[in-house]
Amino acid sequence: MSDTETTAVDPDKPERSKAAKWTRRGFIGAGALAGGALLVGVAVRSGNPVGKLKPIVAGGDGEALINSWVKIDADNIVTAIVPHCEMGQGANSTLAQMLADEMDVSWDNVRVMDAPADGNYVSQHAVRTFVGPGTIPGKPNQVSFMEPTYDGLFTQIGKLADAYITGGSSSVRSTGQNGMRVAGAAAREMLIGAAAAEWGVPADEITTQDGVLSHAGSGQSAPYAQFAAAAAEQTLPRAPRIKQASEFKLMGTPALRKDIPCKVDGTGIFGIDGGPAEGPGKDALRYAAVKAAPVVGSTVEAIDASAAKAMPGVLQILNMGDFVAVVADSYWQAQQALRSVKTTYSKTEIDGLDTEQMFAQYAAALDEAGMDGGNSKADYGDAAGALSSAAKTVEAEYKVPFLAHATMEPMNCTAWVRDGKCDIWTGTQVPLMSRKGAAEGAGVGEDDVTMHTVMLGGGFGRRLTPEYANQAARIAKATGYPIKMIWSREEDTAQDFYRPADISRFSGGLDEQGRVVGWSNIHCSEDEPAEAPLVEFYDIANVSVRGAEVEAPLRLGAWRSVGHSQHGFFVESFVDELAHAAGKDPLEFRRTLLANSPRHLAVLEGAAKMADWGSDLPEGHGRGIAIARSFNSIVAEVAEVDMTGDMPRVTKMFCCVDAGYAMNPDGLSAQMESGIIYGLSAALYNEVTIKNGAVEQSNFHDYRMMRMVDAPQIAVQIINGAPDNLGGAGEPGLPPAAPAVANAIFAASGTRIRELPIAKHFA
Amino acid sequence: MATVKISVNGTPQEIDVDPAMPILWVVRERLGLSGTKFGCGIAQCGACTVHLDDEPVRSCSTPISAADGKAITTIEGIAAEDGTLSKVQQAWISEQVPQCGYCQSGQIMSATALLKETPQPNDEQINAYMAGNVCRCGMYGRIRKAIKVAAGIEPSTTQETPA
Ligand code: FES
Ligand code: FES
């Protein structure tokens, strides 16, 4: 990556160059141009918002904050301050790796610290690319709402838009590239500048390695820490020199993740483990079990708590209006008692709702729209014309269900409200938004809420909402106790923000030679991101993609890979159907379609080669291939299935990924493995169904997770196809998994899966 | 209420407690050992796995009365006394197993019990034994590999010793 790219002005946001106005420092302004809020990498100086952060992140004596992304201790330990929560991707470790490489410090001396939930640390890129309209309840237009604050985003965004977010696979490509690397390089240059001044030698004669500054000519050398304070006084470099890929030492290596040791010895503190550590808060801590009204819009009309009240350990039973809470000396007692509370809920308009009705409404909306109604999402060439003159047309309809996230750690939050202040321990992808939710629940100002950093037992888009922090704060306020509120798995399943269900219809045209001449698609969902259903990487001249508007009176949210989780299945299943209709091998067929997309093609070929595509398989086995681009990464997968049993068994998955450049190849591989298994659980088993307005599933016995015995062998191969153009890692492994398996089932058995989950067809 | 006598990670304890309370909540709330996790509460996920006299049990669904007179071992108790991590824990680091990590205490407790019973397990034995432990982050391939590394069947991927 070159300096100019680091500082490039985003063409559609030229006004961001004004960012330099409030910094008057080259590096800061430049960083702001490319990365918006990522530019909290700022030197300590009066009047700068970083000053406010100093007391939060500074440790003991002898530490100087060089800029807000990095801290150097007196013992030469470098701490990378990371503005994302660690959801488990290891992304924070990778960010630190990027910073450490640019800074020339050794990995052993690097620590990672989550940034405090303070408005000064925000991930603007995540906001812009991930939080599309409608993603956050009550914030229908988050993105455009924030644009006016862009120049002042330092102080504005946190307060106005609650925008410290981990999601959209954005941490490495955005914070890493634009924040961490620049900050590391800047820190290094400032240290060099300080040493040069002290030693009276030219800066360009000073070299750095493993956290040590050296000047060969005069024989002087010193650890970074010695110049940390002086460096903080240095002018920030206007455009710190970023390393070329050929100079990387740590980037591109499988450096061991920093967050793993505490996850193997039980010392890691997750949300469920958080709370006042010592003293009166710890002694006063009590536990809450909750149950919210099962139907959206319903409230708790009355409770009969007579039996529950008499149960051991029970302290209070609260009708909170939208939910019931039981507070007890132990969580188990609270849960037991909650089960014996009899609750009546208010009637709603959707008390009779069920999933069949919803799908019928979706189908009716599509019928009404036809193939050319609804809203256009892409329109080039003349799809209708091409289809009407095609030698052969193929039509298909696909359907996917609502899905729950089922993070391993159920939602929970510990809250302590006292003296107009509130302390919160909770796993969240949006700490600032949770802080706001807690403040509202506790009846205190946002500045009076302290968010304690804890790890997340899975995010996947579930922890993008503040309602559970709000609940815990309300209970804590109502009872006066510090409260650890934990949702049961049943509550977690019933009160999720679900991945939207969808129906998607296609019409495709082939010419005499079996080439695709027309592509027409209409589906129901709002697309987040907007590119999810688009196929511009395929060489098809006449394309129409449209969306029909439908309403789903459920709590809907972002689910791992968001819209790609649906459209990956739709698009790649239909491409496979077209290939078979054309009488072509699905790999060969995609090769032709990808003739003008070299990176896609390389990934496709990579996966096919790994799988030894075309080689013989045992009787009853089949292979399927699929490719998808999401979050700027391209992933192709080949699935092998065994159809000889009662239920299809996925035996192998071959995955080839081009995420631009793998900063930590082992980490990227782990993310692919993770996305594949998550995608396969959904593809094979999962659906959330509604009956009488409420979710029918409750726990892992009826919302089944893939287990080790069902898990395929997974091989991952990485292509570094665009070192200057990084893609995400957490989500892109998922979208090709379902269609690869469905296509493999067709290859093995001739059964075309057009509706997920697959298990439905083999019951 | 009743008094149960248990040993937890080698330390004898006497606790006044409702004998029906699951071991999980006694360990987490009364003993402050938070490494054992709650995932489902109905013996479906294995996040709460501890050893009762060396046998793995789902602590969310095992009452504390069942532990009376017995030894409970949790994730906090499987390293050596000097803090040296067990072979299984070391393999979990060398294979970079955890993603979010929430299931991993339970996975490690199950894997530890497996290797005690079957020091050289094959794939089928591993799959069968570990079937009760869900990893929502899908790290099954790494878990399987790490078990083999801990068993000495396969070499480790990364040679670095944990810090
Ligand atoms: S919490 Fe015990 S098995 Fe899931
Ligand atoms: S590592 Fe997240 S559930 Fe297993």
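# Helices, hairpins and a chain contact in a predicted model

The buried residues of helix α13(A) pack against three strands of chain A, namely β19 (502-510), β20 (516-523) and β25 (690-691), and this packing is a convenient place to enter the structure, which is a predicted model. The buried residues in question are M358(A), Y362(A) and L366(A). Because they cover an arc of only 80 degrees around the axis, they are placed on the same side of α13(A). The spacing fits the general rule that an α-helix has 3.6 residues a turn, so residues three or four places apart point the same way. The face of α13(A) turned away from this buried side carries exposed residues, which are E356(A), Q357(A), A360(A), A364(A), D367(A) and E368(A). As for its length, helix α13 of chain A runs over residues 355-369, and its 15 residues should span 21 Å at 1.5 Å a residue, which agrees with the 21 Å between its end C-alpha atoms. After α13(A) comes G370(A), whose phi is positive, near 65 degrees.

Chain A as a whole gives the setting for this helix. Its secondary structure comes to 22 helices and 27 strands, and 59% of its 763 residues count as buried. Among the contacts in chain A between residues at least 6 apart in sequence, 76% join residues at least 24 apart. The largest nonpolar core has 262 residues, and those with the most contacts inside it are A80(A), A288(A), V326(A), A415(A), A607(A), C655(A) and V741(A). Helix α8 of chain A (residues 171-199) contributes the largest share of this core, 11 residues. For one of the residues with the most contacts in the core, A415(A), the surroundings can be listed: once its neighbours within four places in sequence are left aside, A415(A) is in contact with C422(A), I424(A), A438(A), A442(A), A472(A), A473(A), A476(A) and I483(A).

Strand β23 of chain A, residues 633-642, includes S633(A), and I634(A) also has its place in β23. Are these residues buried or exposed? S633(A) counts as buried because it has 27 C-beta neighbours inside 10 Å, and I634(A), with 27 C-beta neighbours inside 10 Å, counts as buried as well. Leaving aside neighbours within four places in sequence, S633(A) is in contact with V657(A), D658(A), A659(A), G727(A), G728(A), A729(A) and P732(A). I634(A), by contrast, touches R599(A), H600(A), V603(A), R629(A) and D658(A), again not counting residues up to four places away in sequence. In general, the side chains of a regular strand alternate between the two faces of the sheet. Two distances help to place the pair within the chain: the C-alpha atoms of S633(A) and V201(A), which are 432 residues apart along the chain, are separated by 45 Å, whereas I634(A) and A602(A), 32 residues apart in sequence, are 9.8 Å apart in space, C-alpha to C-alpha.

Each chain also offers a hairpin to examine. In chain A, strand β6 (residues 212-215) and strand β7 (residues 220-223) pair in the antiparallel sense over four bridges, with H215(A) standing opposite Q220(A) in β7(A). Four residues lie between the strands of this hairpin, and G219(A) takes a positive phi near 70 degrees. In chain B, strand β1 (residues 2-8) and strand β2 (residues 11-17) run antiparallel and are joined by seven bridges, and V4(B) stands opposite I15(B) in β2(B). The hairpin of β1(B) and β2(B) has two residues between the strands, and N9(B) in the turn has a positive phi of about 50 degrees.

Further along chain B, helix α3 (residues 104-117) has 14 residues and reaches 20 Å from its first C-alpha to its last, close to the 20 Å expected at 1.5 Å a residue. This helix is mostly covered, since 12 of the 14 residues of α3(B) are buried, including Q104(B), I108(B), A111(B) and L115(B). The buried residues of α3(B) pack against β3 (49-52), β4 (55-58), α2 (87-94), α4 (123-129) and α5 (140-150) of chain B.

The two chains meet where 48 residues of chain A are in contact with 50 residues of chain B. On the side of chain A that touches chain B, the elements that give two or more residues are α12 (331-339), α21 (665-684) and β27 (713-719) of chain A. The largest share of that side, seven residues, comes from α21(A). By character, the residues of the side of chain A that touches chain B divide into 26 nonpolar, 13 polar and nine charged.

Technical notes: Residues are numbered from 1 along each chain as its sequence is written. Chains are lettered from A and ligands numbered from 1 in the order in which they are written. A nonpolar core is a set of buried Ala, Val, Leu, Ile, Met, Phe, Trp, Tyr and Cys residues joined through C-beta atoms within 7 Å. A residue is buried if 20 or more other C-beta atoms lie within 10 Å of its own, exposed if 12 or fewer, and partly exposed in between; C-beta atoms are placed from the backbone. Two residues are in contact if their C-beta atoms, placed from the backbone, lie within 7 Å. The expected span of a helix is 1.5 Å times one less than its number of residues. The arc is that of the directions from the helix axis to the C-beta atoms. Ala, Val, Leu, Ile, Met, Phe, Trp, Tyr, Cys and Pro count as nonpolar, Asp, Glu, Lys and Arg as charged, and the others, Gly among them, as polar. Two strands pair if DSSP finds at least two bridges between them.
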